[in-house]
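Reader: Please take me through one helix crossing and one chain interface in this entry.

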Amino acid sequence: MSHGGVNVTRGNEQEDRDASRRLGADGFGRAVSKVAVAQICESVGFQSFKDSALEALTDIAIRYLSDLGKTARFYANLAGRTECNVFDIVRGLEELEASQGFPGASEVNNCLAGSGMVRGIIEYVGSAEEIPFAQPVPQFPVIKNRKLIPSFVQMDEMPPGKHIPAWLPALPDPHTYIHTPVWNERATDPRADKMEQARQRRKAERSLLSLQQRLLSDGSVGTSALASSSDVKELDGVDKNPFLGTPLQPGQKDVSPVVLPSKPLDEMVGRNHISVLEAFAPAIEAVKGGFSDDGEDGKKVLPDVRPAVQLKFRTGKKFLGESLDLSLQKGVGRAASWVARDDERDDKKRRAEFILRHTTEFPQELSQL
Amino acid sequence: MNHNQQSSDGMHEDEAALSDFLASLMDYTPTIPDELVEHYLAKSGFQCPDVRLIRLVAVATQKFVAEVATDALQQCKARQATVVKDKRDKQQKDKRLMLTMEDLSRALHEYGVNVKHQEYFADSPSTGMDPASRDE
């Protein structure tokens, strides 16, 4: 199976990456051996290699090297030594070459120094040209200095028992294995918390629902009657635009704040409109700083205002921009589709979206009013 | 006696030759670097502080690899000779000598190493095609 011919210079980077991914524990040694074997083959006369063939030859060279070491060690141990000498190596070489045969293999009592193997090697060194390895190889494997656990003496601690000598590693700190529970120190009043939570929810619901009613009944371009009960905080005197009048007389009964949102559209028409201010009051407080400046910039005529201008709002939430596009470009008809969408969506999500989406319309309407 | 003397003289010569050779090894730089040889010898339990012996092992391995490569080269050239005979008019397509698994396995067979490789893996559209026509 061919991986494609690989040059000695290894111009193919993809092969390098694949090869490096396959490296195992001895990766560095194998890589260095591969280069060395390739250099030897090149000196013999090959100009290019198949990758698999080169790897096989590298494997064999490494095996040869290891076997030579093992055999030499064996002979040294046999002679009662732990360190090998030249004769052990020569014996090892003879053993490896036994299948091939070398001159003098049959001689039994000869001195190893004169063995055919040695002569063969000497000849080889004499004849073959010297090819040093291509790159400097660092000493490997690299031994890392381990950080040991300090002993009792080093930590200046006394071991907890007399039976423990001081030079042993110290025992771990108690906080590493003793778990002490941590209590919450804050005083909580569950009743007060619940009441506060309910109050905030009611507030949000009220504004959302009234807002929704308002918008559904007269569309996005609408006015509102001045509310008798008002939470007007920032702006005073919301005037009703006579040209954008509502079908109902102002000053009629206030709509109760708790209204089911799934009521059909024609029922909503019958209700009075709550002041925009009242509906938007909580949201106004939140985004007052962002809208007040931009809201006054000549937005007298709604359809002509480019949505791009309003996208400069500092709150900068994405769906603000989208909702403006929807409201301005598509006009009044969006009210109906909003209803449909509301019915599908989740209650909470709807509320949140309504608050944030329609706060941007508020400054326009304020300027018109 | 004479024989012994001769043999002892021979021994001295051999030993002298060997020690000279080991000394000359320090000038010769084997292709296989010393660090690599030391690593694999240490892995197999070979203990020796003498650098000359490391060089000796490196040179022995180099000789072995060179022999195998030479045999593979001869196989490759032999194959090219048979191929070229058929197409003399065409320019020799595979001028480059490439080390392939076929040549290597034939060369290693004499050394008692049995290297076989897969004929093909059916994992790409070009499997089973003539290697010469495959894009390499």
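The turns below cover the model, a helix pair and the interface.

Author: This is a predicted model, in which local features need pLDDT of at least 70, side-chain atom pairs count only at pLDDT 80 or more, and totals for chains, interfaces and linings use all residues. Side-chain values use heavy atoms, without hydrogens and water.

Reader: How do the axes of helix H7 and helix H13 of chain A cross, roughly parallel or roughly perpendicular?

Author: Helices are DSSP runs (H or I, at least four residues), numbered from the N terminus. The axes, lines fitted to C-alpha atoms over the stretch in contact, give angles from 0 to 180 degrees between N-to-C directions. For H7 (residues 190–218) and H13 (residues 347–358) of chain A, the axes come within 10 Å and cross at roughly 65°. Since 65 to 115 degrees counts as such, H7(A) and H13(A) are roughly perpendicular.

Reader: Which residues of H13(A) make the contact?

Author: Contact means heavy atoms within 4.5 Å. H7(A) contributes Glu205(A), Leu208(A), Leu211(A) and Leu215(A). From H13(A) come Arg351(A), Ala352(A), Phe354(A), Ile355(A) and His358(A).

Reader: How much area do chain B and chain A bury between them?

Author: In this interface, 65 residues of chain B are in contact with 69 residues of chain A. Buried area is the accessible area (1.4 Å probe) that two parts lose on being put together, summed over both. Carbon and sulfur atoms hold 71% of the buried area, and the total is about 5,800 Å².

Reader: Which side chains meet in a salt bridge?

Author: A salt bridge needs a side-chain nitrogen of Lys or Arg within 4 Å of a carboxyl oxygen of Asp or Glu. The count between chain B and chain A is 1. At 3.8 Å, N to O, the pair is Lys43(B) and Asp26(A).

Notes:
Residues are numbered from 1 along each chain as its sequence is written. Chains are lettered from A and ligands numbered from 1 in the order in which they are written. Helices (H or I, at least four residues) and strands (E, at least two) are DSSP runs, numbered from the N terminus. Angles under 35 degrees count as roughly parallel, over 145 as roughly antiparallel, 65 to 115 as roughly perpendicular and the rest as oblique.
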